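What follows is a walk through one protein model, taken a few residues and elements at a time. Please keep the sequence and the structure in view while reading.

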Amino acid sequence: MKRETILVIGANGQIGTALLPRLQALYGTDSVIGADLRQPAQKSGIFELLDATKADALAELVQRYGVTQIYHLAAVLSAKGETDPLGAWNLNMQTLLNVLEVARIHQVRKLFVPSSIAAFGEHAPKFETPQTASLDPATVYGISKVAAENWSLYYHKRYGLDVRSLRYPGIISYQSMPGGGTTDYAVAIFHAAVQGQPFECFLAEDTLLPMMYMDDALRATLELMEAPENRISVRTSYNLAGMSFTPAELTASIQTYFPDFTTRYVPDFRQAIADSWPRTIDDTVARNDWGWQPEFDLPRMTQEMITQLSTIYQPSIPTF
């Protein structure tokens, strides 16, 4: 076991729910503290209630446990953020600044602050979007992520804080329900299919977006955090790619297991958000710096999602 004490803020979210057990396996259950506004549905290991907008509460937690690493995963996501832009901005930025300051003051050794493909906007190339593309996002979530990237770079340059980041594509997982993101259709569609229900998609059938299976996202996160500091050349946020597909392509992939499954396309306000994002991502810098390589493509991801969700919804039916 590696000797660290790790705090995961936003531990009840999509990534946090899956990341906690990975960190516990790597560092030991007693060395990982989950924290969120509410208790988790299933508690495992140490968990603390935390409002990360309260800097004093965060500082007390870091001091009490002697935290050496923080994963800051708390955020209002893209679609949900558009329903209350100022509220989303205030929460996303206040928690970020609190984490950066507490990490600086209390000499936290390493900090992970995720970004997103939402940081890109209309002036970034849509295909093979490069690491250094223009960042002019169309959502308050994206605006907050660009600000977070720049604040992270600032704290690294001015204070030497070891902040690391990934621009996540849409993340697909079975461990938690969708939480307000524009790519959440690619999670919800599997829940419908496994339960034998038709699906209504809020994006058009030909909307191509970058996606990633959770296992790859977790592995990328841990590989980045474990990489030697001299291999980290990007202190804003690394581009990260897994696969890109459309809702129609995902539906066809699911139909190889459930031939009668159908999807109805009813685009809503989230279509404009999706249209502002890249179609494919160039993550050459991450591959060159710390050896990133995805393992899941669309067929493998589809099989894994259906297998895992079948054990939840239809435990008596053999898995695929």
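**A guided reading of the model**

Trp151 is a residue of helix H5, which covers residues 140-159. The model is a predicted one, and every value below is computed from it. Trp151 is partly exposed, because its relative accessible area is 34% and the partly exposed class lies between the cut-offs of 20% and 50%. Together with Tyr154 and Tyr159, Trp151 makes a nonpolar surface patch of about 280 Å².

Helix H6, residues 185-194, is mostly covered. Nine of the ten residues in H6 are buried. They are Tyr185, Ala186, Val187, Ile189, Phe190, His191, Ala192, Ala193 and Val194. After H6 comes Gly196, which has a positive phi near 75°.

Two other helices can be described as a pair. Packed helices in general are described by the angle between their axes and by the distance between those axes. Here the helices are H8 (residues 247-255) and H11 (residues 298-313), whose axes come within 10 Å and cross at roughly 60°. H8 is therefore oblique to H11. The crossing of these two helices, H8 and H11, is right-handed.

The next topic is charge pairing. The structure holds 15 salt bridges. One of them joins Glu4 to Arg109, with the closest N and O atoms 2.2 Å apart. This pair links distant parts of the chain, 105 residues apart: Glu4 is in the segment before strand E1 (6-9), and Arg109 is in the loop between helix H4 (85-105) and strand E5 (110-112). How accessible are the two partners? Glu4 has a relative accessibility of 14% and so counts as buried, whereas Arg109 is partly exposed with a relative accessible area of 42%.

Asp162 and Arg235 form another salt bridge, and the closest N and O atoms of that pair are 2.7 Å apart. Asp162 sits in the loop between H5 and strand E7 (163-164), while Arg235 sits in the loop between helix H7 (214-226) and strand E12 (238-239), so this salt bridge ties together parts that are 73 residues apart in sequence. Asp162 counts as buried because its relative accessibility is 5%. Arg235, at 8% relative accessibility, counts as buried too. Asp162 and Arg235 also belong to a network of salt bridges in which Arg164 and Glu229 are linked with them.

A salt bridge between strands can be found at Arg264 and Glu200, whose side chains meet at 2.5 Å, N to O. Arg264 lies in strand E14 (residues 263-265) and Glu200 in strand E10 (residues 199-201), and the pair links these distant parts of the chain, 64 residues apart. Glu200 is partly exposed, as its relative accessible area is 49%.

Two prolines come next. Pro210 lies in strand E11, residues 209-213. With a relative accessible area of 3%, Pro210 is buried. From Pro210 to Val8 the C-alpha to C-alpha distance is 25 Å, and the two are 202 residues apart in sequence. Pro21, by contrast, lies in helix H1, residues 14-27. Pro21 counts as partly exposed because its relative accessibility is 42%. Pro21 and Val32 are eleven residues apart along the chain, and their C-alpha atoms are separated by 9.1 Å.

The last topic is backbone geometry in two loops. Most residues other than glycine have a negative phi. Which way does the phi of Gln107 go, positive or negative? Gln107 is not a glycine, yet its phi is positive, at about 55°. Gln107 is found in the loop between H4 and E5, the loop that also holds Arg109. Gln107 counts as exposed because its relative accessibility is 69%, and the exposed class starts over 50%.

Glu128 is not a glycine either, and it has a positive phi of about 50°. Its place is the loop between strand E6 (115-116) and H5, the helix in which Trp151 lies. At 46% relative accessibility, Glu128 counts as partly exposed.

Methods. Residues are numbered from 1 along each chain as its sequence is written. This is a predicted model: local features need pLDDT of at least 70, side-chain atom pairs count only at pLDDT 80 or more; totals for chains, interfaces and linings use all residues. Side-chain values use heavy atoms; hydrogens and water are left out. Patches are made of residues with over 30% relative accessible area and no salt bridge: like charges are joined within 9 Å, nonpolar side chains (Val, Leu, Ile, Met, Phe, Trp, Tyr) within 5 Å. Accessible areas come from the Shrake-Rupley method with a 1.4 Å probe; for residues, only the protein chains shown count as cover. A salt bridge is a side-chain nitrogen of Lys or Arg within 4 Å of a carboxyl oxygen of Asp or Glu. Helices (H or I, at least four residues) and strands (E, at least two) are DSSP runs, numbered from the N terminus. Buried means under 20% relative accessible area, exposed over 50%, partly exposed in between (1.4 Å probe, protein chains only). Axes are lines fitted to C-alpha atoms, for helices over the stretch in contact, and angles run from 0 to 180 degrees between N-to-C directions. Angles under 35 degrees count as roughly parallel, over 145 as roughly antiparallel, 65 to 115 as roughly perpendicular and the rest as oblique. A crossing is left-handed if the near helix is turned anticlockwise from the far one by less than a right angle, and right-handed if clockwise.
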